[in-house]
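Grab a pencil and work through these exercises one at a time. Try each task on your own before you read its solution.

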Amino acid sequence: MNTSEAPKSVCSSARHADTNQQAHHITYDQLVKYCNTPDDACIPLLLNINWNDEWKRIQKTRNSPDDSSAWDARAASFPTAHGTHSAYASTFIRYSGIQAHDTVFDMGCGTGVLALPLAQMGVDVLAADFSRGMLSVMEQSLHMHHIAFSHAQSARTFIDSHAQTACALITQEANKAHTTHTGSVHIMQLSWEDVWSDAGFQPNMVDVAVASRSIATSDLGKSILRLSMVARRRACITLAREVSPRIDRRLMEMLQLPMVVGRDFYYAFMILAGYGFTPEVRYISAGRHDYFNTLDEAHEFYEHLVVGSLKNFVDAPTLERAIQRLHVWVDSEIVANPHQCEDTPQVLRTREKRDVQWAHISWDTSSFPAQS
């Protein structure tokens, strides 16, 4: 390494640089030697890390994301609180700056925690998820709340439909017809790995693109660029602030097991900064119960959670002892659901809420080039 000049940074904008450019890695000894030069001009390692490559390496050490069939199985017991019932949803929408009559692409929509309240406030939503089971639960909820919905085989269907709605609203305004517009939801089965252009996605096709608690992808940078491309004004995501949202801190302490702190949102922030965006971060605290239809379902859920999260970090005997204590905990902590309703029809739930911290990251996409 030539100590007379600084190592070149690879964090140049994705708009002007090859996104596959490799990071310039330097050793600790090289860094010390460089920092001891007379002018003391040290280049921080922070500027020389390819954060998306780091993300990809970390994903290889984690369990593979659940496939669509696993999410289909979870759909029946997945939380479906909407609108005023979900403090998380209302905070997410407020932080995202979404307004009535906007168009929104909701990637990884799940059971519609965002799609339903957005439609209620007059937003047309393209709601996509790779789990047919999750989408089916959302359809039931939309029907119960009298929200219009349809199925979109292509994003082009959503674009055309919204254009027709917009023309109708303009006509109503011209005729002084004071009618309240209720948004609609267009449902589409789509994964992060699909070729979005083949599914009819176009640059700047919606006002805002969101991915709420749903970026389970091996290539975070590519996912961020896709959201940026389709949103003409803003893109917003949420990632776990510390531990996985499926981990109950109190439970892990009781089981005497370590908690793996990921802080995934750090990577998203740095990738966005490297692409030339100016990301904004705010935090959402979302206490929630876990809901189940049977006690066996609860036992299976928590065992899968603990084993999946920690099998690479503790030895087999330690994990086995923890599982035995876990089943005792489940028997004592799962109680009857005292507030069964349309949104939470399950007969059982956890005794206390668990606090989950989310980092809400948003960025302006208005200057993002359509050709990217």
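**Exercise 1. Place Glu 54 and Arg 57, then work out how they interact.**

Step 1. Both Glu 54 and Arg 57 sit in helix H2, 3 residues apart, which is about one turn of the helix. Helices here (H or I, at least four residues) and strands (E, at least two) are DSSP runs, numbered from the N terminus. Before going on, keep in mind that you're looking at a predicted model, where local features need pLDDT of at least 70, side-chain atom pairs count only at pLDDT 80 or more, and totals for chains, interfaces and linings use all residues. Residues are numbered from 1 along each chain as its sequence is written, and side-chain values use heavy atoms, with hydrogens and water left out.

Step 2. Recall that an α-helix has 3.6 residues a turn, so residues three or four places apart point the same way.

Step 3. Now look at the side chains: Glu 54 forms a salt bridge with Arg 57, and the closest N and O atoms are 2.4 Å apart. A salt bridge needs a side-chain nitrogen of Lys or Arg within 4 Å of a carboxyl oxygen of Asp or Glu.

Step 4. Check how open the two are to the outside. Buried means under 20% relative accessible area, exposed means over 50%, and partly exposed is in between (1.4 Å probe, protein chains only). Glu 54 has 24%, so it is partly exposed, and Arg 57 is partly exposed too, at 40%.

**Exercise 2. Find the salt bridge between Glu 280 and Arg 234, and say which parts of the chain it ties together.**

Step 1. The side chains of Glu 280 and Arg 234 meet at 3.1 Å, N to O.

Step 2. Glu 280 belongs to strand E7 and Arg 234 to strand E6, so this pair ties together parts that are 46 residues apart in sequence.

Step 3. Glu 280 comes out at 44% relative accessibility, so it counts as partly exposed. Arg 234 has 16%, so it counts as buried.

Step 4. For the full tally, a search of the whole structure finds 8 salt bridges. One of them joins Arg 132 and Glu 139, at 2.4 Å from N to O.

**Exercise 3. Classify the ring pair formed by Tyr 88 and Trp 358.**

Step 1. Start with the rule: rings of Phe, Tyr and Trp (its six-membered ring) pair if their centres lie within 6.5 Å, and planes under 30 degrees apart count as stacked, over 60 as edge-to-face and the rest as tilted. The structure holds 15 such aromatic pairs.

Step 2. The ring centres of Tyr 88 and Trp 358 are 6.3 Å apart and their planes are at 65°, so the pair is edge-to-face.

Step 3. Tyr 88 lies in helix H4 (residues 87-96) and Trp 358 in strand E11 (residues 354-364), so the pair ties together parts 270 residues apart in sequence. Both Tyr 88 and Trp 358 are buried.

Step 4. Tyr 88 has another partner: Arg 213 lies over the face of its ring, 3.7 Å from the ring centre. The test for that is NZ of Lys or CZ of Arg within 6 Å of the ring centre and within 35 degrees of the ring normal.

**Exercise 4. Describe helix H10 and the loop after it, including Pro 279.**

Step 1. Helix H10 (residues 264-274) is mostly covered, with 8 of its 11 residues buried. Among them are Phe 265, Met 270 and Leu 272.

Step 2. What covers the buried residues of H10 includes helix H2 (51-61), helix H8 (220-230) and strand E11. Contact means heavy atoms within 4.5 Å.

Step 3. After H10 comes Gly 276, whose phi is positive, near 95°.

Step 4. Pro 279 sits in the loop between H10 and E7. With a relative accessible area of 12%, Pro 279 is buried.

Step 5. Residues that Pro 279 touches include Leu 272, Ile 361 and Ser 362. The C-alpha atoms of Pro 279 and Ser 362 are separated by 5.6 Å, although these residues are 83 apart along the chain.

**Exercise 5. Work out the strand order of the open sheet with 3 strands, and find its edges.**

Step 1. The order is E8-E10-E9, with antiparallel pairing. Two strands pair if DSSP finds at least two bridges between them.

Step 2. Strand E8 (291-292) and strand E9 (334-336) each have a single partner strand, so one side of each is left without a neighbour in the sheet.

Step 3. E8 and strand E10 (residues 348-350) pair over 2 bridges, and the bridge partner of Phe 292 in E10 is Leu 348.
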